[in-house]
Amino acid sequence: QTVLGGASPAYDRLLALPANRDDFMREPGVRELVNEIRGLGRNPWSASVLQLPPDDPVARRVASSLAGNRYMDFIRRRTIEQLYKLDLPTMKQIRDDHGPLDWRLPQAHAIYWATLSKRAARDDFRRLAADRMIFQSMQDAFRRGRIYERGENDVFATVPNLDILPYVQDAYQSALEEFPDQDSVRNAYLNFMTEAVFIMYSYDRTEDVNRLFREIGERFPEAVEGRTAAQFLYQAMTSQLDGMSDSDALSLVEGNLYQSLFWQSLGAPDRAAGFERIARIVYDRYMEPRRSNEEFAERTGLPPLPRIRDMARERLQNERSF
């Protein structure tokens with residue numbers, strides 16, 4: 001967070017900087033700024049300058065000039081490349097290929113190193129292993145690849161990143177095109193599509209739900225077997241209740257409470273009550289084995305239901321206006 005300032009780098013701005021320190025020092029005002037920082041007893045090339053409080057003399061000096069802004073960007077790029085060993089053009093290419101990933105979370109880094117692995121792979125076994133890491137990490141980023149935080153209430157959680165759905169599908173389809181005989185990849189894709197139908201439904205993405213259901217019927221007709229979308233959704237919902245992780249459970253509960261608040265705001269109390277019931281069923285079933293085990297509850301339990309409802313209410317207020 002300190003280095004990136006958010007979910008991802010400002011790719012174009014950072015890549016426009018000189019690649020090495022000597023060239024950067026030739027930019028207007030940079031040498032003078034660096035000498036001033038040294039004069040204040042600081043190492044001007046340390047990543048620690050990114051963590052200075054606003055009232056620090058160095059922070060005030062840096063914030064007061066264009067050269068200071070460029071200097072901070074140079075330190076960001078230098079830290080990304082030298083401390084975290086990440087190549088910025090490769091990160092940008094992954095953004096283009098796999099969508100808006102959050103580099104503060106592990107999925108983006110798994111995809112990064114799997115991408116490098118695939119480039120270096122010399123046989124199908126290693127290429128398939130890299131593809132598996134990519135599409136599995138993409139699926140996980142879809143499930144929990146967005147950070148929700150509210151500092152005043154000490155709330156920090158990972159929730160679904162719905163915007164990368166088409167990119168996850170692309171990752172699976174790319175692997176299937178390269179390895180068409182791999183039933184394990186085909187089954188993994190079906191499992192993802194089934195899960196995605198339910199998650200998108202819980203977030204009121206009706207068009208995506210209908211599109212996904214049609215695609216499942218076309219690509220995996222045996223999975224549909226004449227059922228309607230509603231029947232398929234019911235099965236998808238019930239299949240999510242066993243073996244669920246805390247992040248998945250939180251996403252599912254928050255998504256249903258979001259729907260409840262949404263339909264309540266539209267004056268549809270029956271539908272709102274239905275989503276509320278689903279949220280409570282998921283919450284109660286997930287928390288039941290943890291109620292008698294304090295350590296288990298602390299390690300894998302969910303926040304209280306009212307707090308999750310607050311998360312959903314804030315997201316609704318930020319994303320929709322009526």
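Here are some numbered notes on the structure above, going from the whole protein down to single residues.

1. Before anything else, keep in mind that this is a predicted model. The protein's secondary structure adds up to 17 helices and two strands. Its C-alpha trace spans about 70 × 50 × 45 Å along the principal axes.

2. How much of the protein is buried? Of the 322 residues, 46% are. Sequence separation is worth a look too: take the contacts with a separation of 6 or more, and 64% of them come from residues 24 or more positions apart.

3. Next, the inside. The largest nonpolar core has 65 residues, and Tyr71, Phe142, Phe192 and Ile216 are the ones with the most contacts inside it. Helix 10, which covers residues 183-202, gives the most to this core, namely nine residues. Another core lies apart from it; this one has 28 residues, including Leu257, Tyr258, Phe262 and Tyr286.

4. Phe142 deserves a closer look. Leaving out residues up to four places away in sequence, Phe142 touches Pro160, Asn161, Leu162, Ile164, Leu165, Val168, Phe192, Ala196, Ile199 and Met200. You'll meet Phe142 again in the next point, where it belongs to the contact between helix 8 and helix 10.

5. Try finding helix 8 (residues 124-144) and helix 10 in the viewer: their axes come within 11 Å and cross at roughly 10 degrees. Angles under 35 degrees count as roughly parallel, so that's what we call helix 8 and helix 10. On the helix 8 side, the contact is made by Leu128, Arg132, Phe135, Gln139, Phe142 and Arg143. Helix 10 brings Ser184, Val185, Ala188, Phe192, Glu195, Ala196, Ile199 and Met200. Sorted by class, that contact has nine nonpolar, two polar and three charged residues.

6. Is Gln139 of helix 8 buried or exposed? Its relative accessibility is 11%, and the cut-off for buried is under 20%, so Gln139 counts as buried. Not counting residues up to four places away in sequence, Gln139 touches Val168, Tyr172, Ala188, Phe192 and Glu195. You can also check a distance here: Gln139 and Leu165 are 26 residues apart along the chain, and their C-alpha atoms are separated by 8.5 Å.

7. Helix 10 has another partner to look at, helix 14 (residues 246-265). The axes of these two come within 8 Å and cross at roughly 40 degrees, and helix 10 and helix 14 are therefore oblique to each other. Phe198, Tyr201 and Ser202 of helix 10 make the contact with Leu252, Gly255, Asn256 and Gln259 of helix 14. By class, the residues in this contact split into three nonpolar, four polar and no charged.

8. Last stop: helix 3, residues 30-39. Which of its residues are buried? They are Val30, Leu33, Val34 and Ile37. Look down the axis of helix 3 and these buried residues fall within an arc of 100 degrees, so they line one face of the helix. What do they pack against? The partners are helix 2 (21-25), helix 4 (57-63) and helix 5 (66-82). Just after helix 3 comes Gly41, which takes a positive phi of about 80 degrees.

Key: Residues numbered from 1 in each chain as written. Predicted model: local features only at pLDDT ≥ 70, side-chain atom pairs only at ≥ 80, totals over all residues. Heavy atoms only, no water. Buried < 20%, exposed > 50% of the residue type's maximum accessible area, 1.4 Å probe, protein only. Helix = DSSP H or I, 4+ residues; strand = E, 2+ residues; numbered from the N terminus. Arc of directions from axis to C-beta. Contact = heavy atoms within 4.5 Å. Core = buried A, V, L, I, M, F, W, Y, C linked by side-chain atoms within 4.5 Å. Axes fitted to C-alpha atoms, helices over the stretch in contact; angles between N-to-C directions. Parallel < 35°, antiparallel > 145°, perpendicular 65-115°, else oblique. Nonpolar A, V, L, I, M, F, W, Y, C, P; charged D, E, K, R; others polar.
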